Every structure is written in structure tokens, then in C-alpha cells.
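Open the model in your viewer, with colouring by chain switched on, and follow the stops below in order.

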There are 4 protein chains.
Amino acid sequence: MTQTSTKTAPPVDGRVSRAQRLREERRSQVLRTARLLFAERGYHQTSINDIIVAADIARGTFYLYFESKRAIFAELLDSYFVTLVQAVKRIEVGDGSAAPMEQMLDNVRRIVSVVRAERQMGLIVLRGAGGIDAEFDGRLADFYGRVAALIESGLRLGITMGLVRPCDPGLIAWCVLGSVKEVVDRVVLAEGAEVGLAANVDHLARELVEFNLRGLFR
Amino acid sequence: MTQTSTKTAPPVDGRVSRAQRLREERRSQVLRTARLLFAERGYHQTSINDIIVAADIARGTFYLYFESKRAIFAELLDSYFVTLVQAVKRIEVGDGSAAPMEQMLDNVRRIVSVVRAERQMGLIVLRGAGGIDAEFDGRLADFYGRVAALIESGLRLGITMGLVRPCDPGLIAWCVLGSVKEVVDRVVLAEGAEVGLAANVDHLARELVEFNLRGLFR
Amino acid sequence: MTQTSTKTAPPVDGRVSRAQRLREERRSQVLRTARLLFAERGYHQTSINDIIVAADIARGTFYLYFESKRAIFAELLDSYFVTLVQAVKRIEVGDGSAAPMEQMLDNVRRIVSVVRAERQMGLIVLRGAGGIDAEFDGRLADFYGRVAALIESGLRLGITMGLVRPCDPGLIAWCVLGSVKEVVDRVVLAEGAEVGLAANVDHLARELVEFNLRGLFR
Amino acid sequence: MTQTSTKTAPPVDGRVSRAQRLREERRSQVLRTARLLFAERGYHQTSINDIIVAADIARGTFYLYFESKRAIFAELLDSYFVTLVQAVKRIEVGDGSAAPMEQMLDNVRRIVSVVRAERQMGLIVLRGAGGIDAEFDGRLADFYGRVAALIESGLRLGITMGLVRPCDPGLIAWCVLGSVKEVVDRVVLAEGAEVGLAANVDHLARELVEFNLRGLFR
DNA sequence: CATGAATGAGTCTTCATTCAT
DNA sequence: TATGAATGAAGACTCATTCAT
């Protein structure tokens with residue numbers, strides 16, 4: 001139906017033809033360009049025209065690689081979700097495991113590093129992905145919901161083991177998630193962040209984790 | 001310059017003409033309608049047409065009261081910011097003051113009550129105001145920045161007084177803000193929230209404050 | 001949803017406002033223009049742009065009056081079908097009725113006169129309405145199907161009454177319809193027709209009817 | 001000028017090279033595929049993409065064999081016209097000839113058989129070839145014009161010989177043609193035709209010819 | 001000969017805003 | 001003041017055709 005359908009399966013011998021490689025390169029170059037623009041100006045303020053001009057391709061070429069504007073955005077979003085989720089490891093509690101605090105620190109460090117590596121997507125996910133579409137809103141809510149569920153199950157375990165004080169884990173999971181999101185957003189992604197605080201990731205991670213574990217009180 | 005700025009100041013005698021009153025009524029009715037629609041479908045998915053149909057006014061009439069689509073949205077946003085800021089009181093520490101915990105609880109209760117009273121604007125501010133425009137993004141950042149600064153100054157005071165453990169107040173302020181925002185968003189604004197957890201505002205406030213003060217550890 | 005929705009019901013007093021009248025005029029002017037273009041160049045070769053340029057209206061204005069290109073074409077088609085159907089009267093056989101031949105002559109005369117009055121639509125229906133769309137094809141087939149059914153029932157009656165020779169009425173109805181369509185198409189609508197044969201409608205009608213009644217044999 | 005016209009005349013020895021043969025095979029396979037698609041969905045709804053996918057050739061290859069979309073359609077059309085024209089034999093009147101009625105019956109039978117054999121082209125010619133293009137419309141008109149002229153000359157002869165009643169042969173030729181076209185279209189090409197009436201070609205031909213010769217009257 | 005990635009003119013449609021009445 | 005018809009810039013997407021490999 002659409003001309004997009006990329007037959008061109010790689011040769012059976014497993015090697016990838018030169019054309020294939022070029023094709024992939026082109027595709028990811030468009031993806032990169034689009035990511036940049038979406039992050040800078042948001043979904044609605046970025047037109048297909050903006051993308052093809054910035055990527056220096058023809059109008060039709062865009063549709064050779066992506067079905068629609070929504071599709072390229074969705075792809076960007078989904079692949080970022082995957083990257084992010086992979087950065088978060090469940091906190092293991094056991095003899096051979098590192099201290100929970102250390103594990104949490106590692107989680108935060110990994111998240112920060114992912115977000116900093118792909119600053120643009122961070123901006124999109126934390127700020128610009130809402131309000132595009134009912135479907136995208138849903139996807140975003142889904143993603144955060146899954147993360148919150150992960151945290152919640154950790155909390156439950158911690159409570160059972162007597163490590164975490166008794167609390168409403170369904171609620172507190174959102175507190176934890178919220179504090180992380182906000183710090184990542186404001187501190188990691190802030191314009192001048194490169195020079196400032198965020199440069200010291202370790203300090204940031206330690207403060208964040210300590211806040212979550214010990215709260216404000218002395 | 002534009003016709004809209006014809007503020008038609010009330011007559012010197014202080015009384016407001018009947019026409020004036022009607023004008024104001026109509027204006028705020030349009031505002032209400034727009035708020036509803038923006039909250040339901042977001043900025044981009046709400047057209048001027050949607051608004052005038054729902055408000056039952058003519059297309060031209062809209063522009064008699066508001067300069068543009070942006071303008072009405074900005075107005076809605078700004079007035080909500082004012083309401084919200086008023087809900088947050090600086091934590092007083094002194095002989096005659098209530099316990100800090102109690103003050104924080106009150107802050108949370110007030111915020112929750114404001115947000116629930118104007119659920120629509122809450123949705124807009126927490127979800128839908130990003131990604132519209134560079135300027136709106138800035139406004140939003142500004143607002144949260146002011147709130148964070150407020151929290152930060154409280155933290156500094158707390159630290160000085162030995163109530164709050166030593167920490168990076170500029171960073172932790174964002175943690176606090178983030179946890180509040182997320183809980184308000186997911187728990188207070190969630191579809192079925194009216195029946196569920198959020199119904200018990202007190203429980204919610206207490207859990208949230210406790211998390212912020214004592215963290216997760218037992 | 002669309003801005004097309006024409007509220008503006010006429011005032012209760014039954015009179016039509018000046019604005020209403022203007023609106024209708026504008027609308028039918030666009031219809032006329034579109035009809036002309038569709039007839040001249042066919043559906044696919046006529047762009048919205050062609051229509052608005054020829055009608056001297058703005059792009060948006062078109063969509064104020066019509067939902068889409070398909071919609072305006074459908075409207076043109078439907079109203080023509082109505083006109084055409086009204087031109088065909090069932091052949092009455094009875095004491096007070098004119099001779100069947102005379103009634104058929106009148107039918108042909110009326111059809112020819114309708115077609116000549118709206119030459120453009122004739123061209124569209126007889127030549128250009130096929131191949132646009134499965135739906136339009138269906139509509140066209142439907143229309144001709146109804147006409148054929150009308151003829152068929154006439155034939156059955158004629159056979160019963162001994163006026164028409166025994167034959168397969170379902171088949172012969174298409175013969176009759178086909179002969180009429182072709183003559184109307186080639187003779188009435190032909191470019192130079194105005195000067196030639198078709199000028200003499202009476203001759204044409206008589207020949208056509210005679211052919212249908214008596215065939216070719218001497 | 002165009003690469004396509006590289007007819008690569010066969011070697012003088014009259015034999016056709018293997019490559020030549022392959023070329024021809026491929027070409028006609030594409031023609032077959034295109035015919036199928038054009039018939040099924042019409043000219044405008046069939047894209048080059050549809051054709052190359054169905055024919056399993058590369059995009060560029062198509063243009064190796066055919067100049068353009070128009071060109072392949074034109075070729076299909078023209079070759080069908082030739083086939084059709086060959087099916088119609090002039091009615092011979094003379095001592096050694098069969099009865100005119102029998103000759104006409106044979107004509108109809110041949111036409112029906114051609115049309116049924118290449119149902120797709122029948123559909124295209126009778127329904128889908130109009131409204132594509134001024135030129136195609138002309139070609140179609142030309143073809144029917146030639147057929148009508150053939151019939152007309154037959155009628156003149158018949159009149160001269162006293163077999164056909166006096167009439168306007170230029171007009172009546174179109175009646176005859178119209179009745180044949182319509183029957184072929186609706187009855188022969190109708191979806192379920194294979195099972196229904198049309199199965200009995202002889203009945204159909206006889207009814208059609210009888211209608212043309214004797215008309216409706218008893 | 002064959003390929004298929006690239007092209008870009010052209011299409012329909014939307015919608016914030018203006019302005020004559 | 002109120003109206004709503006008119007505007008036109010801007011947007012997403014299609015598809016016949018070309019051309020380097």
C-alpha cells in the first residue's frame with residue numbers, strides 16, 4: 001500500500017550489503033535530525049518540512065523511511081523508553097549483593113548518564129511528549145506506570161524485610177519517581193547544567209538517594 | 001494597539017455599569033469554557049472553533065475578549081499560578097508557630113484542595129502546558145523555579161536551625177517539589193481518584209510529608 | 001468538528017435573511033463552477049485549486065461550503081440523478097392515457113431537454129463518473145439499475161397486455177436503456193451537436209422510439 | 001529519444017535471441033499484471049507501485065519496458081480495440097451468405113466471447129477508460145465512432161436493399177451500438193454473470209439481435 | 001539489463017485571524 | 001458590541017518519474 005515497505009532483506013549469508021548499510025545510515029541520520037528538532041521545538045512546532053530541510057533530504061525520501069510524522073516520533077520515544085528501562089536495575093537484597101544504597105546510587109548514575117547522553121530525548125520525554133495525542137499520553141503514562149510499579153514492588157520487599165519503614169508503597173513509589181524525574185529534568189537537563197552542579201554526577205546521585213532514604217530530618 | 005486592550009475603565013464614581021458587568025460575565029464564561037476544553041484535550045487539540053461552539057459565541061466575539069488563542073491560554077495559566085502560589089505558605093519556625101510537620105501538612109492539604117477544586121487547570125499545568133511554545137515552557141519553568149526557590153530557602157533555614165540535616169538545598173528542593181508534583185499528578189488527578197486513595201486527603205498528605213521528612217529507611 | 005456546519009437556520013418567520021440569500025448564491029456559484037470544471041476535465045484532473053481559482057474564492061471558503069472534493073462531486077451527482085429521474089414517467093396504459101408511443105416520445109424529449117440544459121452533468125454521468133471510486137461506481141450502477149428496473153416493469157406490463165412481444169424483460173430493459181444512453185451521449189452531447197442533428201429533437205426522439213418499438217426490419 | 005524505444009530489432013537471420021524472448025515474456029507479464037489491476041481498481045486507483053509489486057519487478061525495470069503509466073494503459077487499450085474490431089464482421093448480403101440474422105448473431109457471439117475471455121479489458125473499456133484524460137477520451141470516442149460507422153454503412157446497405165426499414169442510419173447506428181454495449185456491460189460483465197443469464201450466451205445473443213431487428217412491439 | 005533509493009511537484013485539508021455589516 | 005463569512009498561510013502526505021550503481 002505505502003511505498004515505505006522495505007523489502008530488501010539482508011542476504012542470507014548474514015552479511016549486510018553496502019546499500020543496506022547506507023540505508024541504515026540515512027535512516028538514523030534522519031532519526032537524529034528529527035530527535036534534535038523535536039527536542040528543540042517540540043512535536044507540534046516541528047514540521048516535516050523542518051526535518052527534511054535539516055536532514056537535507058527530499059520530501060518523499062522522508063516517507064521512504066518513516067510512515068508518518070507520528071511514526072518517527074513514536075519510534076524515537078519507544079527506543080528511548082527501552083534505553084531508560086535498561087538503565088534501572090531492581091534492587092537486590094541478599095548476601096552477595098551490594099548495599100541497597102550503593103545499588104540505588106548506581107541506578108541513579110546510570111539514569112543520569114543515559115539522560116545526559118541523549119539529552120534531547122530526555123527533554124522530549126520529560127516535557128514535550130504530553131499533549132500531543134491521547135495515544136502518546138497513554139504511552140507515556142504507561143511507561144511511568146511501569147517504572148512506578150517496579151519501585152513499588154521494591155518498596156514492598158523492603159518493608160517485608162524490615163529495611164523500609166511501613167508506608168503506603170503505591171503512593172510512595174510516586175514520590176520516589178517524582179523526585180528523580182524532577183532532579184533529572186531541572187538539574188541534568190537545565191541549559192547551563194554542563195558547567196554547574198550536574199557536572200558532579202556523584203554528588204547529585206548521592207544527594208538524591210540520601211533524600212529518598214533518609215528524608216529531610218536530621 | 002489591538003482592540004482587545006480597550007479596558008473600558010469603570011466610571012470614576014466607582015460603580016460598574018450594567019454593560020461592564022455583562023462584559024465581565026461573558027468573558028469569564030468563555031474563560032471557563034476554554035479551561036475545560038484545554039484540560040480535556042490539550043492546547044493543540046483544542047481549536048478556537050471548539051471554544052466558541054462550546055461557549056456559544058460568535059467567532060468574532062472571541063477576539064473581542066481575547067487577543068489570540070495563546071492569550072487566553074496564558075491568562076488561564078497565570079491566574080492559576082497565582083492561586084497555587086497562594087496555597088503554599090513559608091514554613092515558620094518559632095515559638096508561636098505550629099510544628100513544621102503540621103505546617104507542611106497544611107501546605108500539602110491546601111495544594112491538594114486547590115488542585116482538586118480546579119482539576120482542569122491542574123491537568124493543564126502538570127501535563128499539557130509543556131511543548132506548546134518556547135515562551136510557555138519558560139513561564140512554566142519560571143513558576144516551578146519560584147516554588148523551588150521558596151522550598152530552598154526553607155531548607156536553608158532548617159539547616160541553620162539544625163532541624164534539617166545538612167544537604168544541598170538547591171538540589172533537594174527539586175526533590176521535594178518533584179515528589180509533590182508527581183503525587184498530585186498521578187494520585188490526585190488520576191481518573192478514578194475521586195473514589196480511591198485520594199479521597200483520603202489526610203492519609204495522602206501524611207504519607208507525602210513523612211516521606212519528605214523521614215525518607216524510606218526505617 | 002468541521003467548521004462547515006451551517007447553523008444559521010432561517011428566521012422563524014419563514015423569510016430568508018439577506019445574508020442567507022447571499023450564502024446560497026455563493027454556494028451555488030461554487031457548485032456551478034465545479035460542475036463546469038468536472039465536466040470539462042473530469043474528477044481527477046480537477047483540483048480544488050482549479051475550482052477556487054475559477055470561482056474566485058479563497059481556499060478556506062471552499063471548505064466553508066463543502067466538506068471535501070468528494071462531497072461537492074457527490075452533491076452534483078445526486079441532484080442530477082433526481083432531475084433525471086423526474087424526467088422519466090412510467091408509461092401508462094389505459095383508456096384515458098395517450099398512446100404508449102406518444103408517452104415514450106415525451107420521455108425521450110424530456111430526457112433530452114434535461115441533458116441539454118445541463119450538458120456538463122450529462123457528460124459527467126455518462127462518461128466521467130466511472131473509475132473515481134468504488135463508492136461512486138456503486139452509486140452510478142445503482143442509478144442505472146433503478147432506471148433499468150423501471151423499464152423492465154414497463155416491459156412486463158406490456159407483455160401481459162399483449163402490446164410487447166414475448167421477450168426476456170430483464171435483458172431487453174438494458175437494451176432499451178443502452179440505446180437511449182448512447183444516443184444521448186453521442187448525439188446530444190457531441191461537441192458540434194448544437195448545429196447538427198440533435199437540433200431537431202423531435203426527429204431524434206421519433207427515430208429512437210421507433211427503433212425501440214419496431215427494430216430495424218422493414 | 002527515450003530508452004524504451006530501443007526496439008532491438010531481431011537479428012537478420014530471423015531468429016529471435018534468447019534474451020529477446022525473455023524480454024518479450026517479461027514485458028507481456030507486466031502487461032497482464034497491469035491489465036488485471038487497471039480492471040480491478042481503475043486507472044487512477046492503480047499506482048505504478050501496485051503494478052511493480054504485483055509483477056514482482058523493480059521500479060526502474062517498469063520504465064525499461066514502458067514509457068509511462070499512460071503508455072502502458074494506452075497499449076492495453078489499443079490492443080484490445082484491435083481484438084474487438086476483429087470480432088465484428090460486416091454483414092454480407094448475397095446469395096452465398098448466411099441469413100443477416102445469423103450473421104448478426106455470430107457477431108454478438110464473437111463479441112461476447114472476446115469480452116468474456118478478457119473480462120478485465122472489457123471492464124476498462126466500458127467503464128474505466130473515461131475521464132482519465134482528454135486524449136484517452138478521444139481514443140475511446142474514435143473507437144466507438146469507427147464501430148458506429150461500420151454499423152451505419154451496414155444499415156445504409158440494408159435500406160438500399162429493402163431489408164431495413166427507412167431510418168436515419170447515423171442515429172440508429174448509435175442505438176444499435178448502445179444496446180450492445182449496455183448488455184455486454186451489465187449482463188456479461190456483471191459479477192455473478194458466470195452463473196446467471198449470461199451463461200446462456202445463445203439466449204442472450206438471440207434476445208439482443210431480435211430486439212435490434214424487431215423492436216419491442218408484438 | 002536490472003535495481004530501488006531519491007526526487008519534488010502537486011494534492012487535499014485545517015484553522016487562527018480579520019473585517020464588513 | 002456582536003456577528004460569521006472570508007481569508008490564506010501552512011501542514012501532512014502521495015506518486016510518477018529519474019538515475020547512479
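Select D:G215 and show its C-alpha: of the residues of chain D, this one comes closest to the rotation axis, at 1.7 Å. The model you are looking at is a predicted one. The axis in question belongs to the operation that superposes chain D on chain C, a rotation of 178° with 0.1 Å of shift along its axis, which leaves an RMSD of 0.4 Å. That is the relation of a two-fold axis. With chains C and D both displayed, turn to the contact residues of chain D, 95% of which recur in chain C, the same surface thus serving both copies.

Next, hide that pair and select chains A and B, where chain B is superposed on chain A by a rotation of 177° with a shift of 0.1 Å along the axis, at an RMSD of 0.4 Å. Which C-alpha of chain B is nearest the axis? It is that of B:G215, which lies 1.7 Å from the axis. Of the interface residues of chain B, 97% are also interface residues in chain A, so the copies meet through the same surface.

Finally, keep chain A alone and colour residues 18-67 as domain 1 and residues 73-214 as domain 2, following the domain assignment of this chain. The C-alpha centres of these two domains of chain A lie 29 Å apart. Where they touch, eight residues of domain 1 of chain A are in contact with eight residues of domain 2 of chain A. Colouring by residue class the side of domain 1 of chain A that touches domain 2 of chain A will show six nonpolar residues, one polar and one charged.

Conventions: Residues numbered from 1 in each chain as written. Chains lettered and ligands numbered in written order. Predicted model: local features only at pLDDT ≥ 70, side-chain atom pairs only at ≥ 80, totals over all residues. Least-squares fit on C-alpha atoms with pLDDT ≥ 70 in both. Contact = placed C-beta atoms within 7 Å. Domains from an automatic or database assignment. Nonpolar A, V, L, I, M, F, W, Y, C, P; charged D, E, K, R; others polar.
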